[in-house]
Amino acid sequence: MIPYGRQQIDETDVLALRQVLHSDYLTQGPTVPAFEQAVAERVGARGGVAVNSATSALHIACAALDLGPGDVLWTSPITFVASANCALYCGAEVDFVDIDPATFNLCPDALEAKLGRASQAGRLPRVIVPVHMGGQPCDMRRIADIARRHGVKIIEDASHAIGAERDGRAVGSGGVSDITVFSFHPVKIITTAEGGMAVSDDAAVLERMARLRSHGVVRDRALMTRPDEGPWYYEQLELGWNYRMTDLQAALGLSQLARIDAFLARRQALAERYKERLAGLPLRWQAAPDAIRSAWHLFVVVLDDPAIRRRVFDTLRGAGIGANVHYIPVHLQPHYARMGFRPGDFPAAEAYYAGAITLPLHPGLTDAEQDHVIETLAGALA
Ligand SMILES: *Cc1c(COP(=O)(O)O)cnc(C)c1O
């Protein structure tokens, strides 16, 4: 089966892991801060907090922005469930903003209208989580403008989008959001096996997230509330979790980061090839303004006729192609339906889902494999 996504591991990765295995630190040691600094530099953020998954990063990001009971977080329905679940972990509620059917990203017009209504009702969200679907950055300048007018905080879920750019700005660099989260799951752009990172320009937010990653405990004298009782002394200032990344993961991450430009270039070339060779078929893909450089985590096609989606999907699978679907709208998941969400609540997201198929796209995909995908898809649509 040709997978829809897959990690690229080479001997430099193996060597990096061997070095850590023979060192003093297997858990969080000196390699974690080195990886944090390297990612922050790459994306143009002040700093980063590495954790054991992007899900954990979203959780500590929400907690660091004081999301809690009585608050609401808004995100896109077309995302992985983690973008919404982070609010529930904090005892907050979730609502959604429908997507733009052309870009598959949260629709800025829908956001503006919904924030206007929420403002009048006195029920503004505390946080919104735009998701850079498939690696294509949302219009963050516009979203930030709208959110700022209402005093709403922004966490970018950039799980798909490390290395992506829009209007000359790298995803994760300053000025448009409070925190940006990356995932290093093996199907994403670079991997640490499990792993994620939250980057920010705000030193206080970074410090708070670092504390929440590790039980809410601090060892820095300056942050303590009582006299130092000795070299063993530490204080737990609030309730945190054990979301630490290991030095093994960070070493893999550093080694992968050294090859990120090659990964991005291959993904981009494959995406361009898909676009050239699928042109004219009864389907569409993400519309992108010129100022965008997508990280191309996913290549999703939306069939004009959703009634044949299942048959086309089965044909691909039958030909050894690991097609997939990203994503089932989160508001339709049973856990969210129990909160009162219903089919019809977010029609653009639901229409997108009905026709969507994710085609294989990863740096190890060969031209021949891609040709097989294209020919099989074209045959199924003929
Ligand atoms: C993969 C993903 C996550 C979660 O990442 P993990 O590192 O697996 O926790 C969150 N949001 C989106 C949009 C994702 O694709």
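## Strand β8 and its neighbors

Ser183 of strand β8 stands opposite Gly196 in β9. Strands are DSSP runs of E with at least two residues, helices are runs of H or I with at least four, and both are numbered from the N terminus. β9 covers residues 196–200 and pairs with β8 in the antiparallel sense, over four bridges. Two strands count as paired if DSSP finds at least two bridges between them. β8 also pairs with strand β5 (residues 153–157), here in the parallel sense and over three bridges. In that pairing, Ile155 stands opposite Ile179 of β8.

This is a predicted model: local features need pLDDT of at least 70, side-chain atom pairs count only at pLDDT 80 or more, and totals for chains, interfaces and linings use all residues. Residues are numbered from 1 along each chain as its sequence is written, and side-chain values use heavy atoms, with hydrogens and water left out.

β8 spans residues 179–183, and five of its five residues are buried, so the rest of the structure largely encloses the strand. Buried means under 20% relative accessible area, exposed means over 50%, and partly exposed lies in between (1.4 Å probe, protein chains only). Ile179, Val181 and Ser183 point one way from β8. Thr180 and Phe182 point the other way. Both sets are buried.

## The ligand site

Ser183 appears again at the ligand. The shell holds 15 residues, and those that come nearest are Thr55, Asp157, His160, Ser183 and Lys188. A residue is near a molecule if one of its heavy atoms lies within 4 Å of it. By type, the shell divides into five nonpolar, eight polar and two charged residues. Here Ala, Val, Leu, Ile, Met, Phe, Trp, Tyr, Cys and Pro count as nonpolar, Asp, Glu, Lys and Arg as charged, and the others, Gly among them, as polar. Helices α3 (54–64) and α4 (82–89) each supply at least two residues of this shell.

Oxygen atoms of the ligand have polar partners in the protein. An N or O atom in the side chain of Ser183 is 2.8 Å from a ligand oxygen. A polar backbone atom of Ala54 is 2.9 Å from a ligand oxygen. For Tyr327, a polar side-chain atom lies 3.1 Å from a ligand oxygen. The protein covers 92% of the 380 Å² of accessible area that the ligand has on its own. Such areas come from the Shrake-Rupley method with a 1.4 Å probe.

## Unusual backbone

Most residues other than glycine have a negative phi, and most peptide bonds are trans. Tyr327, a ligand contact, follows a cis bond: the peptide bond from His326 to Tyr327 has omega near 5 degrees. Tyr327 is found in the loop between α10 (309–318) and α11 (334–337).

Two residues have a positive phi without being glycine. Asp167 has a phi of about 50 degrees. The place of Asp167 is in the loop between β6 (165–166) and β7 (169–170). At 40% relative accessibility, Asp167 is partly exposed. Trp296 has a phi near 50 degrees. Trp296 sits in the loop between β13 (292–293) and β14. Trp296 is buried, at a relative accessible area of 6%.

## Strand β14

β14 covers residues 299–303 and is mostly covered, with five of its five residues buried. Phe299, Val301 and Leu303 point one way; Val300 and Val302 point the other.

β14 has antiparallel pairings. Strand β12 (residues 283–284) joins β14 over two bridges, and Leu283 stands opposite Leu303. Strand β15 (residues 356–359) runs antiparallel to β14, with four bridges between them. There, Thr358 is the bridge partner of Val300.

## Helices α1 and α4

Helix α1 (residues 11–21) has these buried residues: Asp13, Ala16 and Val20. Seen down the axis of α1, they fall within an arc of 60 degrees, so they line one face of the helix. The arc is that of the directions from the helix axis to the C-beta atoms. On the other side of α1, Glu11, Leu15, Gln19 and Leu21 are exposed.

Ala84 belongs to helix α4. With 0% relative accessibility, Ala84 counts as buried. Ala84 and Tyr336 are 252 residues apart in sequence, yet 9.6 Å apart in space, C-alpha to C-alpha.

Methods
A polar contact is a pair of N or O atoms within 3.5 Å; within protein, one must be able to donate a hydrogen and the other to accept it, and residues adjacent in sequence count only if both atoms are side-chain atoms.
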